[in-house]
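Reader: Could you take me through this model in careful steps, with the terms explained as we go?

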Amino acid sequence: MNAVLEIADLRVEFPSRDLRGKSKLAVDGLNLRIQQGEVFGFLGPNGAGKTTTMNVLLGFVNPTSGSASIFGVDVRKPIARQRIGYLPELTYYYKFLNTEELLRFYAKIFKIPRAEREQRIADVLKLVELEGARKRLIKTYSKGMQQRVGLAQALINNPDLLILDEPTSGLDPLGRMKVREIIQRLKDQGKTVFFSSHELGEVETVCDRVAILHEGRLRVEGRVEALLQQYQCNLEQIFLKIIGYSAQPSS
Amino acid sequence: MNNVFALAGVVIKELYRRKDFYVLFVLTALLTLILGSANIFNDEQIVRYLKEICLLLIWVCSLVIAITTAARQIPAERESRTIFPLLAKPVTRAQLIGGKFVGCWLACGISLLLFYFFYGVIIGSREHALAFTPYFQAVWLHWICLGIVTAMVLLGSVVFTAPSSNATICFIVIIGLLFAGQYLNRIAAGIGGVEGAITYALYYFIPHLEFFDIRKIIVHNHAPVTALAVEGATLYGALYSVFLLALAWGIFRRKALTV
């Protein structure tokens, strides 16, 4: 079976800003294969290398060594991004546009024909429940609404692979539930979802497989049920064990 | 080109939804109308001064619009993080630079048309005639000049992170080029030696924005510039803009974008 996303021996090193300083190793020898239709949780504490890995997948950062491909195409080629949707963490979209104009702009980039474009805009706005606010300027939106605009733009090209960077970050419980429902719906449609999150309960609910990264290295990878069975505890406790955190006894 | 025009469309929308352009236009219109209504020293040639002031205001306002619009494009994309969902789509960094340039340049062109239309109406009503050829040449060359300015500011925006510092530096450099650029060869001849050679090299390297300024011709109703000179200036402007954009792309493509 062909992998939708493949990372082989990925190493990303950032040079030091001062001449004598040591370079920072953000990702060290990462290997991952994600199959079609999987919902894959990419976990790790802050600074573990999750976002750097995503940045490589999206062509924002070049790897120091190793390779990454999406649908068999090297991520450094812009065409690799034709079938993906990306939701970054906390983005403030063009405040002088309304949602409809923003989505039309992104749809033009994907060269979606005009008739199909309008239908697609209507569909994604319905999915993220922003139909009523489509003509309102984005600057008037709440944080939750902005995050849903982000999700709408990530879905405008009906992507086969979704890369979501902390999609529920900063959302209230209702907003989180809605995002979870959308991910579940996408999974039911056979889409592949690769997402990072600190909400481990949520990851446990929606993910098929997870990988835990710590200090740039892959510590654990496997199916969620298999890990729960192996460690005999929930995902949060597994995560804490993997990163070497031991709870202090309360006095 | 599809992506370039999609990006340009967003830049143009931004210009007409922001207030700065309208403020500058109203300011120019007000100043010109007030000066135009005054009858200083009963001078019948007052219309010549009116032309000079109006054209100077148009040049200043167009530079302010071009510099401020171009300076904020890429830093604003980075600050609001919209650059990430944008470049996560099949958009290359060259297309991003190209789209921003086309958008800013077209936006400047739209503003220029409005400013010069106002100028045409005012001067036409005072002078009861308007020499069309030099008038259109002035608009065209002014627009080509703004192409170089926009490309230069975009180059600055990939080097300097803060739009305000970029805008200030570019404004000083452009004013310097407009007013002092043409005299560098004379200064070089006066200095001599190594410094003179460097100044000469600088004279040939810098973009000569004064080539595009034909205000004197329309103020004094001189004969229009030859078509060959206009074509030459257009080619010069286009080559300089492409060179500056290529330089901007060369720097920007190497930049790691980290969230």
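**Contact and fold**

Author: The contact takes 26 residues from chain A and 24 residues from chain B, where two residues are in contact if their C-beta atoms, placed from the backbone, lie within 7 Å. This is a predicted model, in which local features need pLDDT of at least 70 and side-chain atom pairs count only at pLDDT 80 or more, while totals for chains, interfaces and linings use all residues. Residues are numbered from 1 along each chain as its sequence is written, and chains are lettered from A and ligands numbered from 1 in the order in which they are written.

Reader: Which element gives the largest share of the side of chain A that touches chain B?

Author: Helices (H or I, at least four residues) and strands (E, at least two) are DSSP runs, numbered from the N terminus. The elements giving two or more residues to that side are α1 (50-57) and α2 (99-109) of chain A. The largest share, four residues, comes from α2(A).

Reader: Which strands stand at the edges of the open sheet in chain A?

Author: Two strands pair if DSSP finds at least two bridges between them. The open sheet has six strands in the order β6-β7-β8-β3-β9-β10 (chain A), with mixed pairing. Each edge strand has a single partner strand, so one side of each is left without a neighbour in the sheet, and these strands are β6 (84-87) and β10 (217-223) of chain A.

Reader: In β9(A), what is the bridge partner of A:L43?

Author: Strand β3 (residues 39-43) of chain A pairs in the parallel sense with strand β9 (residues 209-214) of chain A, over four bridges. In β9(A), the bridge partner of A:L43 is A:I212.
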